[in-house]
Amino acid sequence: MSITDRFNQFVGKKRYVVSRIFIHLQGNDIAPLLGILNQNARIAVDADGDMEVMGECLVNTCETILQYKTYWQSASNEGDVFWDEADAGDFVTELFTDSAQRYLSQPDLEEVEENTPLSLPVTENIIVMITVAFEGEVLDIETDLADMEALTYGLKALINLNYKDKYRAIALHFSPARLGERLTSDQILINFPELIPL
């Protein structure tokens, strides 16, 4: 912690952390994860930003990703610390907009029609993008997460934060976001250059 951070903490200012985590999963059996992510997306949209519901969706997503640990392929994270809530909010908006504009990250929130084909192409790659803003300091999140052990601790820390009522913003994005869409290795290299192999 810098001298400025210590001074701000000393005078009683609140510390806000904004963090975005990318997790790339790869394998022939990861398609069910896409169904769980879409289900969470529908719940989040219906909740209209309710932080309690968003927190539950985040916990569900992190627990599922932990269960798919054998499929983790690469990851990366970024973030910053703020002492002003408005500045933290601006950075959340910036990361949210960037995640929403990433390749194939627009979810399909329409109801499934009766005549929808039962057989759809299955993707072998999924990128999950988790953006959070919270109060306080969590070292397991504020570190390099491009490591299997660090990422495991980071995801568990995200789960624990939900039960401490520290979240101020939560956003979940994923690519591809629609059943039937496929994300190839070449598309990942072009559209997610920040990913680091685990």
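**Close-up views of the fold**

**View 1. Phe134 and Tyr167, two buried rings.** Phe134 has a relative accessibility of 0%, so it counts as buried. This is a predicted model, so read each view here as a picture of a prediction. Tyr167 also counts as buried, since its relative accessibility is 4%. Keep these two in mind, because the cut-off for buried is under 20% relative accessible area and the next view brings both of them back.

**View 2. Aromatic rings that pair up.** How many aromatic pairs does the model have? The count comes to three aromatic pairs. One of them joins Phe82 and Phe91, a tilted pair with 5.7 Å from centre to centre and 50° between the planes. Phe82 counts as buried because its relative accessibility is 14%, and Phe91 counts as buried because its value is 15%. Phe134 and Tyr167 make another pair, this time edge-to-face: their centres are 6.5 Å apart and their planes meet at 90°. This pair links distant parts of the chain, with Phe134 in strand 3 (residues 125–135), Tyr167 in strand 4 (residues 167–175) and the two positions 33 residues apart in sequence.

**View 3. The largest nonpolar core.** Now zoom in on a set of 39 residues, which is the largest nonpolar core. Ile23, Ile130, Leu155 and Leu158 are the members with the most contacts inside it. Which elements give two or more residues to this core? They are strand 1 (16–26), helix 2 (31–47), helix 3 (51–67), strand 2 (72–82), strand 3, helix 5 and strand 4. Take Leu155 as an example: beyond its neighbours within four places in sequence, Leu155 is in contact with Ile23, Cys62, Ile65, Leu66, Trp72 and Ile130. There is also a second, separate core, made of nine residues, and it includes Tyr16, Ala88, Phe91 and Leu95.

**View 4. Thr152 on helix 5.** Thr152 sits in helix 5, which runs over residues 148–162. Is Thr152 buried or exposed? Thr152 counts as buried, because its relative accessibility is 9%. Setting aside residues up to four places away in sequence, Thr152 touches Leu66, Lys69 and Trp72. Two of those names may ring a bell, since Leu66 and Trp72 are also in contact with Leu155.

**View 5. Helix 4, with one face tucked in.** Helix 4 covers residues 85–100, and its 16 residues should span 22 Å at 1.5 Å a residue. The end C-alpha atoms of helix 4 are 22 Å apart, which agrees. Ala88, Phe91, Val92, Leu95, Ser99 and Ala100 are the buried residues of this helix. Looking down the axis of helix 4, you'd find those buried residues within an arc of 165°, so they line one face of the helix. Flip to the other side and you meet Asp90 and Glu94, which are exposed. What lies over the buried residues of helix 4 includes strand 1, strand 2, strand 3 and strand 4.

**View 6. Helix 3 and its many neighbours.** Helix 3 passes the ruler test too: at 1.5 Å a residue its 17 residues should span 24 Å, and its end C-alpha atoms are 24 Å apart. The buried residues here are Met54, Gly55, Cys57, Leu58, Val59, Thr61, Cys62, Thr64, Ile65 and Leu66. What do they pack against? Their partners are strand 1, helix 2, strand 2, strand 3, helix 5 and strand 4.

**View 7. Cysteines of helix 3, and Arg42 next door in the story.** Cys57 counts as buried because its relative accessibility is 3%, and Cys62 does so because its value is 0%. How many disulfides does a search of the whole structure find? The search finds zero. Arg42 belongs to helix 2 and is partly exposed, with a relative accessible area of 29%. Arg42 and Cys57 are 15 residues apart in sequence, and their C-alpha atoms are 10.0 Å apart in space.

**View 8. Stepping back to the chain.** Altogether, the chain has six helices and five strands. Starting from the N terminus, the order of elements is α-β-α-α-β-α-β-α-β-α-β. Out of 198 residues, 44% count as buried. Among contacts between residues at least 6 apart in sequence, 88% join residues at least 24 apart.

How values were computed: Residues numbered from 1 in each chain as written. Predicted model: local features only at pLDDT ≥ 70, side-chain atom pairs only at ≥ 80, totals over all residues. Heavy atoms only, no water. Helix = DSSP H or I, 4+ residues; strand = E, 2+ residues; numbered from the N terminus. Buried < 20%, exposed > 50% of the residue type's maximum accessible area, 1.4 Å probe, protein only. Contact = heavy atoms within 4.5 Å. Phe/Tyr/Trp six-rings, centres within 6.5 Å; stacked < 30°, edge-to-face > 60°. Disulfide = S-S within 2.5 Å. Core = buried A, V, L, I, M, F, W, Y, C linked by side-chain atoms within 4.5 Å. Expected span 1.5 Å × (residues − 1). Arc of directions from axis to C-beta.
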